[in-house]
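Subject: The structure, and what turned up in it

Hi,

Here is the structure I promised to pass on. Have it open while you read, and my notes will follow underneath.

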Amino acid sequence: MFTVISIYPYLPGSETAAFRGISIFLGVLVSFSSASAVGNIIAGVVMTYMRPFQVGDRVKIADTVGDVVRKTLLVTRVRTTKNVEVTIPNSMVLSSHIIDFSSAVAQASVEIMSPHYSALRDGNQTTVPAEYLSKSYRPPAFRLLQTDQVAEPRSGAT
């Protein structure tokens, strides 16, 4: 931009009214088209200092729910639960409601199990907070017990 401004008076025809009119038109066009980009950059800088969420957090921004994949000065990228990556301009992020579902995850080392999640647990220290265990506690060996109810193969199965 500095170079263009510096050489402008030396361009042939720069003294004509048509050349000046075109240059003013291009200047206004660039100014208005960059207003959105400048707004997104300012919103990105504000979000950098506000820290409403971090990369990896599960968030809801406007109507989009997903995990934050990337934050830049211009946009925030969110991967939805259907594995679709949505690009949201930072000015929209800043002007909408942000819900950070990951901010409440640090729940004093308590693991919350849902009915849709199943796991084999042996009572080791990763699931029981250390302050609830005696000093002499040693995790037991992991055991699997066979049940009497074994599913029979369906007819026609090989």
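First, a word on what you are looking at: this is a predicted model, so local features need pLDDT of at least 70, side-chain atom pairs count only at pLDDT 80 or more, and totals for chains, interfaces and linings use all residues. Residues are numbered from 1 along each chain as its sequence is written, and side-chain values use heavy atoms, with hydrogens and water left out.

**The overall picture**

The chain's secondary structure comes to three helices and five strands. Here helices (H or I, at least four residues) and strands (E, at least two) are DSSP runs, numbered from the N terminus. Going along the sequence, you meet them in the pattern α-α-β-β-β-β-α-β.

Of the chain's 158 residues, 15% count as buried. Buried means under 20% relative accessible area, exposed means over 50%, and partly exposed is in between (1.4 Å probe, protein chains only). About 12,900 Å² of the chain is exposed, and carbon and sulfur atoms supply 61% of that. These areas come from the Shrake-Rupley method with a 1.4 Å probe; for residues, only the protein chains shown count as cover.

One more number for the whole chain: among contacts between residues at least 6 apart in sequence, 36% join residues at least 24 apart. A contact means heavy atoms within 4.5 Å.

**Helix 2**

Have a look at helix 2, which covers residues 17-50. Its 34 residues reach 48 Å from the first C-alpha to the last, close to the 50 Å expected at 1.5 Å a residue. That expected span is 1.5 Å times one less than the number of residues.

Where does helix 2 kink? The kink is centred on Ala-35 and comes to about 35 degrees. The bend at a residue is the angle between axes fitted to the seven residues ending there and the seven starting there.

The buried residues of helix 2 are Asn-40, Ala-43, Gly-44 and Met-47. An α-helix has 3.6 residues a turn, so residues three or four places apart point the same way. Keep that in mind as you find those four on screen. They pack against strand 3 (75-80), strand 4 (85-89) and helix 3 (90-95).

Asn-40 is worth clicking on: Asn-40 counts as buried because its relative accessible area is 9%. Not counting residues up to four places away in sequence, Asn-40 touches Leu-73, Leu-74, Pro-89, Asn-90 and Ser-91.

**The hairpin of strands 3 and 4**

Strand 3 and strand 4 pair in the antiparallel sense over five bridges. Two strands pair if DSSP finds at least two bridges between them. Val-75 stands opposite Pro-89 in strand 4, and Pro-89 is one of the residues that Asn-40 touches.

Is Ile-88, in strand 4, buried or exposed? Ile-88 is buried, with a relative accessible area of 5%. Leaving aside neighbours within four places in sequence, Ile-88 is in contact with Ile-61, Thr-64, Val-75, Thr-76, Val-78 and Val-93. Take Val-75 from that list: Ile-88 and Val-75 are 13 residues apart along the chain, yet their C-alpha atoms are separated by 5.5 Å.

**Positive phi values**

Most residues other than glycine have a negative phi, and most peptide bonds are trans. Here are some residues with a positive one:

- Asn-83 has a phi near 60 degrees. The hairpin of strand 3 and strand 4 has four residues between the strands, with Asn-83 in that hairpin. Asn-83 is exposed, at 57% relative accessible area.
- Ala-62 also has a phi near 60 degrees. Ala-62 lies in the loop between strand 1 (58-61) and strand 2 (64-71), and is partly exposed at 28%.
- Arg-51 follows helix 2, with a positive phi near 50 degrees.

**Salt bridges**

How many salt bridges does the structure hold? There are two, where a salt bridge is a side-chain nitrogen of Lys or Arg within 4 Å of a carboxyl oxygen of Asp or Glu.

- Asp-67 meets Arg-58 at 2.6 Å, N to O. Asp-67 is partly exposed at 28% relative accessibility, and Arg-58 is partly exposed at 33%.
- Glu-85 meets Arg-79 at 3.0 Å, N to O. Glu-85 is partly exposed at 39%, as is Arg-79 at 33%.

Happy exploring!
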